[in-house]
Amino acid sequence: VWDLGCYGRDEHERTETYPRICALVNAVANQPNLKAYGHPHAADLKASLGELPPPRSPQNALPASPPLLSPRECLNERLAAARDALAKAGEPTVAAGKNAKVSIVIGTSHLIATRPKLADELAALVNQANEESLRGMPERKEGWHKTQTAEDIRVRCSYGDNGTHNNRVLHIALKDDKPVGCISSTYWTPWTEDGVGHWGMLAVDTKVQGEGVASALVAAATRRLSMVSAQVHIEYHHARGHKYSDRLKDWYEGKLGFECVAAQMSGNNTVLRVCRRKFSSEELSLGRRLRCQELVEELDAKVQLAAQDGASESSAPPRCCSTYSLLARFLQMKGPEVASSVGVAYQFDIYDVGSAGRFFADFRP
């Protein structure tokens with residue numbers, strides 16, 4: 001009764017609102033060994049806390065909760081907010097740079113499905129580029145570059161399936177419709193703090209190195225990270241006197257403007273260099289505008305798709321509902337078996353659906 005905030009309320013109101021709890025309280029209070037417990041305890045509380053405010057009147061009642069939006073209304077509201085943010089972002093002070101010879105796309109499962117050989121081609125390209133970069137490197141270690149498989153590339157491309165919700169994506173450089181390089185960019189990583197993005201796995205086909213492919217890839221990754229982050233983090237191995245390694249260091253910490261913030265020996269003659277670069281105000285301005293533009297385009301496409309569906313929301317519930325019904329069926333059949341090993345409850349919020357996309361799954365014993 002105390003936890004529910006009933007203390008100080010009118011007894012009749014309390015009985016009307018919580019009849020079963022009040023019946024339980026009365027039953028407990030009538031136990032012979034507890035008869036003298038309830039009233040002195042209440043008196044002690046009143047003495048220490050004083051009289052509590054009376055129940056809320058219509059004049060000081062809490063405001064009513066806003067009406068729940070339908071999935072389509074939720075999309076329209078978010079689209080309006082995104083358009084407003086885009087208008088406030090203003091025109092960028094610098095233009096997004098492009099390389100006319102190379103196009104940069106973000107890898108997705110659809111791209112892999114439409115180009116069955118792409119995963120194998122990219123895996124071979126990355127492994128060959130890494131092999132060339134380490135050729136002649138003193139005390140080279142196998143763990144410096146993980147050998148990529150076609151499956152690794154497919155998984156990395158699948159990270160790009162979630163539109164503006166993507167954290168890590170794989171940028172792919174195409175020249176004459178053939179893959180010639182790639183780079184990975186990530187908004188949040190376990191080894192960097194909030195506001196510090198990361199790019200890595202930069203690889204360029206050895207046949208086209210020196211033709212601006214790497215610069216185009218870095219520009220694409222940097223442009224994406226500036227949408228959310230304030231600076232970018234990279235790390236690489238350097239061996240003084242190694243031709244390729246020295247050239248890479250001059251490019252990273254010279255032309256690209258990275259500053260080495262930490263270094264540790266990764267061998268007798270090699271150093272792991274950790275570098276960062278803060279985005280300029282112009283880059284941040286462009287990035288924030290591109291982010292708003294990206295959100296508007298994605299939401300506009302979803303609104304148009306919802307309009308094309310035609311069916312009313314009452315007769316056509318969100319697709320996530322059918323997915324959750326399968327999960328609910330699994331809970332009914334297997335829940336008791338897995339509860340002892342899982343032991344927690346989950347709440348799922350489907351971001352684009354609103355209140356209709358909130359589900360609860362209890363795996364507690």
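Analyst: Contact, for our purposes, means heavy atoms within 4.5 Å. This is a predicted model, in which local features need pLDDT of at least 70 and side-chain atom pairs count only at pLDDT 80 or more, while totals for chains, interfaces and linings use all residues. Side-chain values use heavy atoms, leaving out hydrogens and water, and residues are numbered from 1 along each chain as its sequence is written.

User: OK, how many helices and strands does the protein chain have?

Analyst: Eleven helices and nine strands, taken as DSSP runs numbered from the N terminus (helices: H or I, at least four residues; strands: E, at least two).

User: Let's try one helix. Which residues of α7 are buried?

Analyst: An α-helix has 3.6 residues a turn, so residues three or four places apart point the same way. In α7 (residues 150–158), the buried ones are A150, I153, R156 and C157. Looking down the α7 axis, these residues sit within an arc of 120 degrees, so they line one face of the helix; the arc uses directions from the helix axis to the C-beta atoms. Buried means under 20% relative accessible area, exposed over 50%, and partly exposed in between (1.4 Å probe, protein chains only). The cover over that face includes α5 (109–114), α6 (118–134), β2 (168–175), β3 (178–186) and β4 (196–204).

User: And the largest nonpolar core: which of its residues touch the most other members?

Analyst: In soluble globular proteins, nonpolar side chains tend to be buried together. A core here is a set of buried Ala, Val, Leu, Ile, Met, Phe, Trp, Tyr and Cys residues joined through side-chain atoms within 4.5 Å. The largest has 24 residues, and W199, V213, Y252, L256 and F258 touch the most other members. α8 (213–225) is among the elements giving it two or more residues, and with five, α8 gives the most. A separate core of 18 residues includes L122, V126, L170 and M201.

User: How many salt bridges are there?

Analyst: Side chains of opposite charge can pair when their charged atoms come close. The cut-off is a Lys or Arg side-chain nitrogen within 4 Å of an Asp or Glu carboxyl oxygen, and the count is eleven. Take E193 and R276, at 2.9 Å from N to O. E193 is in the loop between β3 and β4 and R276 in strand β7 (residues 270–278), so the bridge ties together parts 83 residues apart in sequence.

User: Is R276 buried or exposed?

Analyst: Buried, with a relative accessible area of 16%, whereas E193 is partly exposed at 43%.
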